[in-house]
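Hello,

Here is the structure I promised to pass on to you. Please have a look at it first, and then read my notes underneath.

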Amino acid sequence: MKEDVVKHSGLVQKIEKNFLQVKIVQTTSCSSCSIKNHCTSAESKEHLIDVYDKEASQYRVGDEVWIMGSTSMSRLAVWYGYLLPLIILMVLVIGLSKWWGNDNELSVALYSLACVAIYYLLLYYFGKDKMKKTFRFTISKKN
């Protein structure tokens, strides 16, 4: 069974040996709306994606390319980036509220947020190399 693929259009920004840096523009679902210029919810963000490819020499800076990743990779990113920190936050808020009592709400909130910040720092410092291996993108030229 073939796995679903998430595909983004991008421009090659930088090439070094087997490494390409590709700029993609991520737009919200509002991007096709006719009144998007008058709406504050419409936004677009530029992201730089690192892609390792043995065939990197066939690309040139400015080439239009497709960046592809699996949907399971997307789900894993959502897990590490949003769901796990939310679970940590909720467990700490509920647990510390019961332990410290209701009159320490500010302490509970600050301690819980600090723990989530520590989670992100640990993820960044200790998980960066593992994430690079786990989140592999493929690239192909646009026709």
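A good place to start is Lys17, which sits in the loop between β1 (5-16) and β2 (19-27); helices (H or I, at least four residues) and strands (E, at least two) are DSSP runs, numbered from the N terminus. Its phi is positive, about 50 degrees, although Lys17 is not a glycine. Most residues other than glycine have a negative phi.

This is a predicted model, in which local features need pLDDT (the predictor's confidence in each residue, from 0 to 100) of at least 70, side-chain atom pairs count only at pLDDT 80 or more, and totals for chains, interfaces and linings use all residues. Residues are numbered from 1 along each chain as its sequence is written, and side-chain values use heavy atoms, with hydrogens and water left out. The protein chain averages a pLDDT of 82, and 85% of the residues score at least 70. Among its elements, helix α1 (residues 71-100) has the highest mean, 90, and strand β3 (residues 44-52) the lowest, 80.

Now to Ile49. Leaving aside neighbours within four places in sequence, Ile49 is in contact (heavy atoms within 4.5 Å) with Leu20, Gln21, Val22, Ile24, Ile67 and Phe137. Ile49 also belongs to the largest nonpolar core, which has eleven residues, including Val12, Tyr59 and Ile139. Such a core is a set of buried (under 20% relative accessible area) Ala, Val, Leu, Ile, Met, Phe, Trp, Tyr and Cys residues joined through side-chain atoms within 4.5 Å. The largest share of this core, three residues, comes from β2.

Best wishes

Definitions and conventions. Buried < 20%, exposed > 50% of the residue type's maximum accessible area, 1.4 Å probe, protein only.
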